[in-house]
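Open the structure in your viewer and keep the sequence panel beside it. Each stop below tells you what to select and what you will find there.

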Amino acid sequence: MSVVIINCGLGNLASVKNMIKKVGGSSVISSDHEEINATEKLVLPGVGHFKKGMENLKESGLYEVVNKKVVEDKTPILGICLGMQLMTSHSEEGDVDGFGWIDAQTTKFSFDDPSVKVPNIGWNEINYAKDSVFNTDEQQRYYFVHSYKVSCNNQSDVLATANYGGLDYVCAFQKENIVGMQYHPEKSHRFGMEVFKKFLAL
């Protein structure tokens, strides 16, 4: 199984690679266009600023290569944290457009209660909104680190929600070959291992 972890200069690339190895998969961290064109699966991790992520993708020529693989070739892709947000139409962070694969916006958390801290850091349970290969009967918990959240315009795209500070928000989406997760499966122990196992089996 060929998996490329897209290196656009932002993200916990090594920890994603290690988790894929732990569940019996093999992967390469790469920004090489030929390797990306030849792969069967893509992972788009990211930690940092949305605008910087899009700039890195476009300046390296990765934007066009990845967009073709996902939109035309229907290659399965998993977006993690910022990688998920980059799949949306637009972000407040830098006021720039993303790939637009998912009809959704990325906006900053805003709470009237000063006791609710931003960023949201820590473990949280998720609730599935539709049937999916990633769903199980067991309540799942994942590790989150983020200041921005995604809002989907099409409910059918919503895979799962989480609650932070009394606010329910989209923490995962899935549309055809595109999967995005706001949480970090590579830091989420056995639940995260199951995510990568199921993604590799898609």
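The tour goes from the whole chain to a helix, then to a strand, and ends at a single residue.

**Stop 1: the whole chain**

Show the protein chain as a cartoon, and keep in mind that this is a predicted model. The chain contains 6 helices and 14 strands. Its radius of gyration is 16 Å, close to the 17 Å that the globule rule gives for 202 residues, so the chain is as compact as a globular protein of that length. Turn the C-alpha trace along its principal axes: the spans are about 50 × 40 × 30 Å.

Now switch to a surface. About 9,000 Å² is exposed, and carbon and sulfur atoms supply 46% of that area. Of the 202 residues, 52% are buried. Consider too the contacts between residues at least 6 apart in sequence: 70% of them join residues at least 24 apart.

**Stop 2: helix α1**

Select residues 13-22, which form helix α1. Which residues of α1 are buried? They are Leu13, Val16, Met19 and Ile20. Look down the axis of α1: the buried residues fall within an arc of 130 degrees, so they line one face of the helix. A general point helps here: an α-helix has 3.6 residues a turn, so residues three or four places apart point the same way.

Next, colour Lys21 and Lys22, which are exposed on the other side of α1. To see what covers the buried residues, add strands β1 (3-6), β2 (27-30), β3 (41-44) and β4 (77-80), together with helix α6 (189-201); these are among the covering elements. Before leaving, find Gly24, which follows α1 and has a positive phi, near 95 degrees.

**Stop 3: strand β14**

Select residues 178-181 for strand β14. Are its faces covered or uncovered? Both faces are covered: Ile178 and Gly180 are buried on one side, and Val179 and Met181 are buried on the other. In general, the side chains of a regular strand alternate between the two faces of the sheet.

Then show the partners of β14. Strand β4 pairs with β14 in the parallel sense, over 4 bridges, and Ile77 stands opposite Ile178. Strand β13 (residues 167-175) runs antiparallel to β14 and is joined to it by 4 bridges. On that side, Lys175 has Ile178 as its bridge partner. β13 and β14 form a hairpin with 2 residues between them. Select Glu176 in the turn, where phi is positive at about 50 degrees.

**Stop 4: helix α6**

Return to α6, already on screen as part of the cover of α1. This helix has 13 residues and reaches 19 Å from its first C-alpha to its last, close to the 18 Å expected at 1.5 Å a residue. Its buried residues are Phe191, Gly192, Val195, Phe196, Lys198, Phe199 and Leu200. They pack against β1, α1, β3, β4, β10 (141-146) and β14.

**Stop 5: Gly192**

Finish by selecting Gly192, which sits in helix α6. Why does Gly192 count as buried? Its relative accessibility is 0%, and buried means under 20%. Which residues touch Gly192, leaving aside its neighbours within four places in sequence? Met19, Tyr142 and Pro185 are in contact with it. For a last distance, pick the C-alpha atoms of Gly192 and Asp32: they are 27 Å apart in space, and the two residues are 160 apart in sequence.

How values were computed. Residues numbered from 1 in each chain as written. Predicted model: local features only at pLDDT ≥ 70, side-chain atom pairs only at ≥ 80, totals over all residues. Heavy atoms only, no water. Buried < 20%, exposed > 50% of the residue type's maximum accessible area, 1.4 Å probe, protein only. Arc of directions from axis to C-beta. Contact = heavy atoms within 4.5 Å. Pairing = 2+ DSSP bridges. Rg over C-alpha atoms; globule rule 2.2 N^0.38 Å. Areas by Shrake-Rupley, 256 points an atom, 1.4 Å probe, with all protein chains shown as cover. Expected span 1.5 Å × (residues − 1).
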